[in-house]
Each structure stands twice: as structure tokens, then as C-alpha cells.
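Me: I should like to examine how the labels attached to this model are justified. Please set each value against its criterion.

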Amino acid sequence: MRKARRLFKKLPLFAYTYMLQDIPDYTYEQFLDDLRIRRQGKKRKEKSYLSRYGRFGAMCQFIKLYEQTKDIAYARKAQDLRDNMTKPYRLLIRFKKLRRELYYSPLIPYSQIKELSENINRCKNLTEIEKVIADFDKYPHPY
């Protein structure tokens with residue numbers, strides 16, 4: 001089999017005749033059988049390029065919830081996350097007359113941004129808000 005393949009690679013037109021010289025009772029069907037690929041290569045499941053973004057995990061969770069419950073609200077939420085997948089997170093902070101927008105990398109996990117938003121909403125004054133934001137910014141996040 002190896003010899004047939006090697007000859008076929010080098011001289012595809014004359015490989016069978018050379019094989020007949022070495023093995024006189026060699027048939028053309030045997031030659032074709034020796035050339036066929038014995039096993040198929042393993043198919044590797046490709047990883048989505050979106051998996052590096054922070055919203056990807058949450059989107060997959062909403063898709064699973066939709067498949068389990070058939071509630072269209074979960075599908076819409078997953079679609080919203082997909083539409084904004086590569087966009088930076090935008091947090092709008094409103095406290096009395098103060099309005100401030102924060103932008104964070106889309107690579108930060110969605111759960112961390114959600115937790116930051118909840119912590120900001122629990123704050124009673126401006127210094128607490130600044131402290132929560134400073135604590136969040138203190139740790140390195142992917143950009």
C-alpha cells in the first residue's frame with residue numbers, strides 16, 4: 001500500500017504499471033483500494049471568534065434558557081447581547097444633577113459589569129460612587 005501511494009505521488013500515470021512489474025498478479029481494483037484513504041481526519045469543533053468577548057457567556061445562557069422555556073424574551077435578550085457584542089460597555093451614572101458616562105472594554109465579563117452597575121445603584125452619595133468605580137478600575141481588565 002505504501003509503495004503504491006509513493007509511486008502514485010511521484011508518477012501518477014505510470015504507478016500502476018510499475019506496481020505490475022513488481023507484483024504480476026496485482027489488479028487495478030487492488031491498486032485503487034491501496035490508494036484510498038483509510039480513515040477520515042478528525043473534525044475539530046471550531047471555537048467562535050466571539051467567545052473572547054465578555055457578553056458571549058451571557059448570550060449563550062440566554063439561548064439555553066430560550067431553548068428550555070421557549071420564552072421569546074430570552075431570545076430577544078440574547079439577540080441584544082449579540083448585537084452589542086463587540087461594542088464597549090457604556091455605563092451612564094446619574095446622581096442628582098451629575099451625569100457621567102463610563103466606557104469599558106467589551107472583553108470584560110458581562111457579570112463583572114453587571115455587578116459594578118448594581119454596586120453603583122446601591123450607593124447613597126457621590127463619594128461612595130467614586131470609591132466603587134476606583135475599586136473596579138484598580139484591578140486590570142483586558143482592553
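Me: Where is Lys70 placed?

Reply: The model is a predicted one. In it, Lys70 belongs to the loop between H4 and H5.

Me: What makes Lys70 exposed?

Reply: Its relative accessible area is 57%. The label requires over 50%, so Lys70 is exposed.

Me: What is notable about the phi of Lys70?

Reply: Lys70 is not a glycine, yet its phi is positive, about 60°. As a rule, most residues other than glycine have a negative phi.

Me: Where is Lys96 found, and what makes it count as exposed?

Reply: Lys96 is in the loop between S1 and S2. Its relative accessibility is 77%; the cut-off is over 50%, and Lys96 therefore counts as exposed. Lys96 also has a positive phi of about 55°, although it is not a glycine.

Me: How do you know that S1 and S2 pair, and in which sense?

Reply: Pairing needs at least two bridges. Strands S1 (residues 89-95) and S2 (residues 98-104) have seven, in the antiparallel sense, so the criterion is met. Tyr89, for example, has Tyr104 in S2 as its bridge partner.

Me: Which residues of S1 form the covered face, and which the uncovered one?

Reply: Tyr89, Leu91, Ile93 and Phe95 are on the covered face, while Arg90, Leu92 and Arg94 are on the uncovered one. In a regular strand, side chains alternate between the two faces of the sheet.

Me: Why is Asp34 called buried?

Reply: Asp34, in helix H3 (residues 28-35), has a relative accessible area of 14%. Buried means under 20%, so the label applies to Asp34. Not counting residues up to four places away in sequence, Asp34 touches Met1, Ala4, Arg5 and Tyr26.

Me: Why do Cys60 and Cys123 carry their labels, partly exposed and buried?

Reply: Cys60 has a relative accessible area of 28%, which lies between the limits of 20% and 50%, so Cys60 is partly exposed. Cys123, at 13%, falls under 20% and is therefore buried. The structure holds zero disulfides.

Me: Why is the pair of Tyr104 and Phe136 called edge-to-face, as is that of Tyr16 and Tyr28?

Reply: For Tyr16 and Tyr28, the centres are 5.2 Å apart and the planes stand at 90°. Tyr16 lies in helix H2 (residues 15-22) and Tyr28 in helix H3, so their pair ties together parts twelve residues apart in sequence. For Tyr104 and Phe136, the centres are 5.1 Å apart and the planes are at 85°. A pair needs centres within 6.5 Å, and edge-to-face needs planes over 60 degrees apart; both labels therefore follow. Tyr104 and Phe136 are both buried.

Me: How do you know that Arg55 sits over the ring of Tyr89?

Reply: The charged end of Arg55 is 4.1 Å from the ring centre of Tyr89. The distance limit is 6 Å, so that part of the criterion is satisfied. Arg52 likewise lies over the face of Tyr53, at 5.5 Å from the ring centre.

Me: Which residues have the most contacts inside the largest nonpolar core?

Reply: Tyr104, Ile113, Leu116, Ile120, Ile129 and Ile133 do, in a core of 26 residues. Apart from it lies another core of six residues, among them Leu7, Ala15, Met19 and Tyr26.

Terms used
Residues numbered from 1 in each chain as written. Predicted model: local features only at pLDDT ≥ 70, side-chain atom pairs only at ≥ 80, totals over all residues. Heavy atoms only, no water. Buried < 20%, exposed > 50% of the residue type's maximum accessible area, 1.4 Å probe, protein only. Helix = DSSP H or I, 4+ residues; strand = E, 2+ residues; numbered from the N terminus. Contact = heavy atoms within 4.5 Å. Core = buried A, V, L, I, M, F, W, Y, C linked by side-chain atoms within 4.5 Å. Disulfide = S-S within 2.5 Å. Phe/Tyr/Trp six-rings, centres within 6.5 Å; stacked < 30°, edge-to-face > 60°. Lys NZ or Arg CZ within 6 Å of the ring centre and 35° of its normal.
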